[in-house]
Amino acid sequence: MGTPETSREPCPDRILDDIGGAFGMGAVGGSAFHFLKGIYNSPRGARLVGGSQAVRMNAPRIGGSFAVWGGLFSTFDCSMVYLRQKEDPWNSIIAGAATGGFLQMRQGMGAASRSALFGGVLLALIEGAGIMLNKVMSAQQEAPIFVDDLPAGMPQEAATAPSTTPTSWFGSWFGEGKDEEKKSGGGGGVKTEILESFDSPMPPTFEFK
């Protein structure tokens with residue numbers, strides 16, 4: 001299973017991919033939010049019209065804001081990949097902090113520092129959750145399969161060994177299973193008795209007295 005870094009697009013194409021994905025996510029989410037808000041704030045008889053107007057006014061703006069954030073994040077991420085010559089979660093954490101600080105530079109150094117700290121912590125939580133999810137999925141795929149429901153006294157080797165005993169219905173009538181019983185010697189502590197009816201000195205009679 002690939003990590004979030006190795007499963008993404010290569011770095012030059014990653015920027016456009018993240019811009020488009022962020023715009024779509026912001027536009028869809030903003031449309032749903034502002035449509036419900038427009039319906040709630042509109043008077044009766046014009047709720048659908050009010051919701052559609054709220055979507056047309058606000059959804060492109062929210063999609064553009066998400067696209068700006070996604071483009072800056074991907075640009076900083078690709079820059080860290082180029083500088084560090086490797087891809088790991090630290091690139092995303094540093095890129096998130098740099099993006100948050102860059103977007104708040106007009107508000108002053110204090111606001112930029114707080115936004116950078118928030119962006120770094122948020123990306124650290126996201127990357128940590130992704131790593132833990134990958135470990136859990138890998139552990140579930142590599143877990144061995146145990147045989148739990150075995151009969152009492154039956155060894156595991158007997159359960160896993162291929163069976164050579166014929167399973168046909170006619171084999172039990174013509175004595176094909178008797179040889180296997182003799183070879184096994186009554187394994188599992190069970191004593192097997194074979195009735196030699198055809199070798200008895202006195203064959204049975206069916207005379208009525």
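Helices, numbered from the N terminus, are DSSP runs of at least four residues. In the predicted model examined here, Gln85 lies in the loop between helices α2 and α3, and this region serves as a point of reference for the description that follows.

The chain contains 7 helices and 0 strands. Read along the sequence, its elements follow the pattern α-α-α-α-α-α-α. Of the 209 residues in the chain, 23% are buried. Among the contacts with a separation of 6 or more, 53% are accounted for by residues 24 or more positions apart. The exposed surface of the chain comes to about 16,000 Å², and 65% of that area is supplied by carbon and sulfur atoms.

The packing of the helices was examined in the order of the sequence. Helix α1 comprises residues 11–41, and its axis comes within 5 Å of that of α2, with a crossing angle of roughly 155°. Because angles over 145 degrees count as roughly antiparallel, α1 is roughly antiparallel to α2. The crossing of α1 past α2 is right-handed. By class, the residues of this contact comprise 20 nonpolar, 15 polar and 5 charged.

Helix α2 (residues 47–84) also packs against helix α3 (residues 89–103); their axes come within 8 Å and cross at roughly 135°. The two helices are therefore oblique to each other. As in the preceding paragraph, handedness was also assigned: α2 passes α3 in a right-handed crossing. On the α2 side, the residues in contact include Val68, Trp69, Leu72, Phe73 and Phe76, together with Asp77, Met80, Val81 and Arg84. These meet residues of α3, among them Trp90, Asn91, Ile94, Ala98, Phe102 and Leu103. The contact of α2 with α3 divides into 13 nonpolar, 4 polar and 2 charged residues.

Helix α3 in turn packs against helix α4 (residues 109–141), at an angle of about 150° and with the axes 7 Å apart. That angle makes α3 roughly antiparallel to α4. The crossing of α3 past α4 is right-handed. From α3, the contact is made by Pro89, Ser92, Ile93, Gly96, Ala97, Gly100 and Gly101. From α4, the participants include Ala112, Ser115, Ala116, Gly119, Gly120 and Leu123, and also Glu127 and Ile131. Sorted by class, the contact of α3 with α4 has 8 nonpolar, 7 polar and 1 charged residues.

Two residues illustrate the local environment where α2 gives way to the loop. Val81 is found in helix α2. With a relative accessible area of 14%, Val81 is buried, since buried means under 20% relative accessible area. Leaving aside residues up to four places away in sequence, Val81 touches Cys11, Lys86, Glu87 and Asn91. Although Val81 and Asn91 are 10 residues apart along the chain, a distance of 6.7 Å separates their C-alpha atoms. Both Val81 of α2 and Asn91 of α3 also belong to the contact of these helices described above.

Gln85, in the loop between α2 and α3, has a relative accessible area of 62% and is therefore exposed. Most residues other than glycine have a negative phi. Gln85 is not a glycine, yet its phi is positive, at about 60°. The predicted model thus places a buried residue, Val81, in α2 and an exposed residue, Gln85, in the loop between α2 and α3.

Methods:
Residues are numbered from 1 along each chain as its sequence is written. This is a predicted model: local features need pLDDT of at least 70, side-chain atom pairs count only at pLDDT 80 or more; totals for chains, interfaces and linings use all residues. Side-chain values use heavy atoms; hydrogens and water are left out. Buried means under 20% relative accessible area, exposed over 50%, partly exposed in between (1.4 Å probe, protein chains only). Contact means heavy atoms within 4.5 Å. Accessible areas come from the Shrake-Rupley method with a 1.4 Å probe; for residues, only the protein chains shown count as cover. Axes are lines fitted to C-alpha atoms, for helices over the stretch in contact, and angles run from 0 to 180 degrees between N-to-C directions. Angles under 35 degrees count as roughly parallel, over 145 as roughly antiparallel, 65 to 115 as roughly perpendicular and the rest as oblique. A crossing is left-handed if the near helix is turned anticlockwise from the far one by less than a right angle, and right-handed if clockwise. Ala, Val, Leu, Ile, Met, Phe, Trp, Tyr, Cys and Pro count as nonpolar, Asp, Glu, Lys and Arg as charged, and the others, Gly among them, as polar.
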